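User: Please take a close look at one part of this model, the open sheet and the loops and internal space that go with it, and describe it in a connected way.

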Amino acid sequence: MTRLRTAFALVGATLCTLAGVALPTTASATVEADPTAAAPKKLFTINDDRIKESSGLAKSVKHPGTYYTVNDSGDTGRVFAIDGTTGKVEAVLRFGAKVTDVEALGVDRDGTIYIADIGDNKASRDQIEIYTIPEPATLEDADLKYHQFDFKYPDGAHDAETLLIEPGTSQLYIVTKELKGTGGIYAAPPAPSRQGTNDLSKLAPSPPGIITDGTFMPDGQRVVLRTYTDVATVAWGETPTVVARGAAVLGQGETVAVGPTDNTVLVGSEGANSAVYQMTAPAKAVTSTPPSASATPKPATTSDSSNSDSGKSHNLRWIVIGASLFALIITVVTFPPGRRERRDRQAENDRLTGQSPPTGHRRPHV
C-alpha cells in the first residue's frame, strides 16, 4: 500500500508540474544573448593621419565594399570613403558647410549621404543641422554641393550621436545621448524642409545605456545601437524594445554600421589607428515568428490575443482537471486503509495492555 501511495503521489506531482508549465506567461524583461554568435573579427584599421576621431560609420549603397566615416568635432565639412577590407581612404568628399560637431553618418536607399551635426556636449545649441550630399558615381576626391536641414527639439537642447534612417521610407530619427537618466528617440518630419527650422517630435524613451551610434538593419524591423561597452538589438515599433545585447570589443565604442551581410554589423572606436571589427548582430537565443514587414509594427489585435489565450486556457483547464481527479483518487484509495491501519494498531495495543476496545459509538448528549 505504501508503494501504491507513493506512485500516486509521483503521478500527481508530475501533473501539477505540467500544469505549471502550461500556465500563460507574459513577456520576460530579461534580455537574452545569442550563445552561438561568433566572436568579433577584425576587418581593417583606419590608419590615415587625417582621421583622428572616427565618430560615424555608414555603408555605401552605390559602391560595394566601401564605408564612409567622419571626424568628431573640430574638423571641416568632409566625408572619407574607406575601403572595407584595407581601411585605406579611397576618396575625400568635401562640402562647404561650416560644421559644429558632426557625430553620425547615414546613407539612404537612393545613395544620399546624411551628415549629422548633432553633437552638443553642453546642451546649449538652439538648433542642430543635418547635411546631405549625393554619393558620387566614382570614388575620387571631390567638392560636392550640399543641402542643409535645421532641426529643433521640442523639450530643449540635447547631446546626440546617433542618426537612424529607416530603409523603406528614409524617415530620420535621432537618439539622444544622456550620461545620466534616460535619453529619447526623436522623429523628424516625414518630409523635412530646407526653409526654416523643422520641429522634431519625441517618439519614445531610448533604451538604457549611453548611446553613441546606431543603424537600422536592412529588414527595417531591427535597429542596432552602440554604447561605449556593448551593442544592443532593438525591435523597432511604437515602443522600441531591446531584445538582445552583445559585448563589443574594448575601447571607446563610437560607431556601428551594417556589415557585409544582413545579420552582421561593423563596430569601431575613436582615436588614431582605430580598428573596425565585424560581429553578428545580437539576437534572441530562442527563435520566434518574424513580424510582418512594417516600419512601425503594430501590437497584436484583441482577437488574435484572445484566440491565443483561449487555446492556453483550454489546455490548462484539462490539465488542472486531471490533477484534481488524481488528487481525489489518492484521497479515496489511501485514506481509508490508513484509518483501518491506525485502528488495528490501537486494538493491538489495547489487547496487550488489557484495556477494553472502544465501542465506536458517540457519547449520548446530556
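Analyst: In this predicted model, the secondary structure of the chain comes to 2 helices and 22 strands. Of its 366 residues, 42% count as buried, and among the contacts with a separation of 6 or more, 53% are made by residues 24 or more positions apart.

The part to examine is an open sheet of 5 strands, whose order is β6-β7-β8-β10-β14 and whose pairing is mixed. Its edges are formed by β6 (104–107) and β14 (197–199), each of which pairs on one side only, and from one strand to the next the twist averages 30°. At the β6 edge, the partner strand is β7 (residues 112–117), which runs antiparallel to β6 and is joined to it by 4 bridges; within this pair, G106 stands opposite Y114 of β7.

Ahead of this edge strand, the loop between β5 (89–95) and β6 holds G96. G96 counts as exposed because its relative accessibility is 65%, and the cut-off for that class is over 50%. In space, G96 is 8.4 Å from T76, C-alpha to C-alpha, although 20 residues separate the two in sequence.

T76 also leads to the internal space of the model, since T76 is one of the residues that line the largest cavity. The count comes to 3 cavities of 30 Å³ or more, and the largest cavity holds about 60 Å³ of space. Its lining consists of V70, N71, D72, S73, G74, D75, T76, G77, R78, V99, T100 and V102, and these residues divide into 3 nonpolar, 6 polar and 3 charged.

On the other side of β7, the backbone deserves attention, given that most residues other than glycine have a negative phi. The loop between β7 and β8 (128–134) contains A123, and A123 has a positive phi, near 50°, in a residue other than glycine. With a relative accessible area of 42%, A123 is partly exposed, because this value falls between the 20% and 50% cut-offs.

A second case of positive phi is S170, where the value is near 65° in a residue other than glycine. S170 is found in the loop between β11 (160–165) and β12 (172–176). Its relative accessibility is 15%, which is under the 20% limit, and therefore S170 counts as buried. The two loop residues thus share a positive phi, whereas A123 is partly exposed and S170 is buried.

Key. Residues are numbered from 1 along each chain as its sequence is written. This is a predicted model: local features need pLDDT of at least 70, side-chain atom pairs count only at pLDDT 80 or more; totals for chains, interfaces and linings use all residues. Side-chain values use heavy atoms; hydrogens and water are left out. Two strands pair if DSSP finds at least two bridges between them. Axes are lines fitted to C-alpha atoms, for helices over the stretch in contact, and angles run from 0 to 180 degrees between N-to-C directions. Buried means under 20% relative accessible area, exposed over 50%, partly exposed in between (1.4 Å probe, protein chains only). On a 1 Å grid over the protein atoms alone, a cavity is a set of points where a 1.4 Å probe fits but cannot get out, and a pocket is an open set with protein on both sides within 12 Å along at least five of seven lines; lining residues have an atom within 4 Å of a point. Grid points are joined across faces, edges and corners, and a volume is the space filled by probe spheres set on the points. Ala, Val, Leu, Ile, Met, Phe, Trp, Tyr, Cys and Pro count as nonpolar, Asp, Glu, Lys and Arg as charged, and the others, Gly among them, as polar. Contact means heavy atoms within 4.5 Å.
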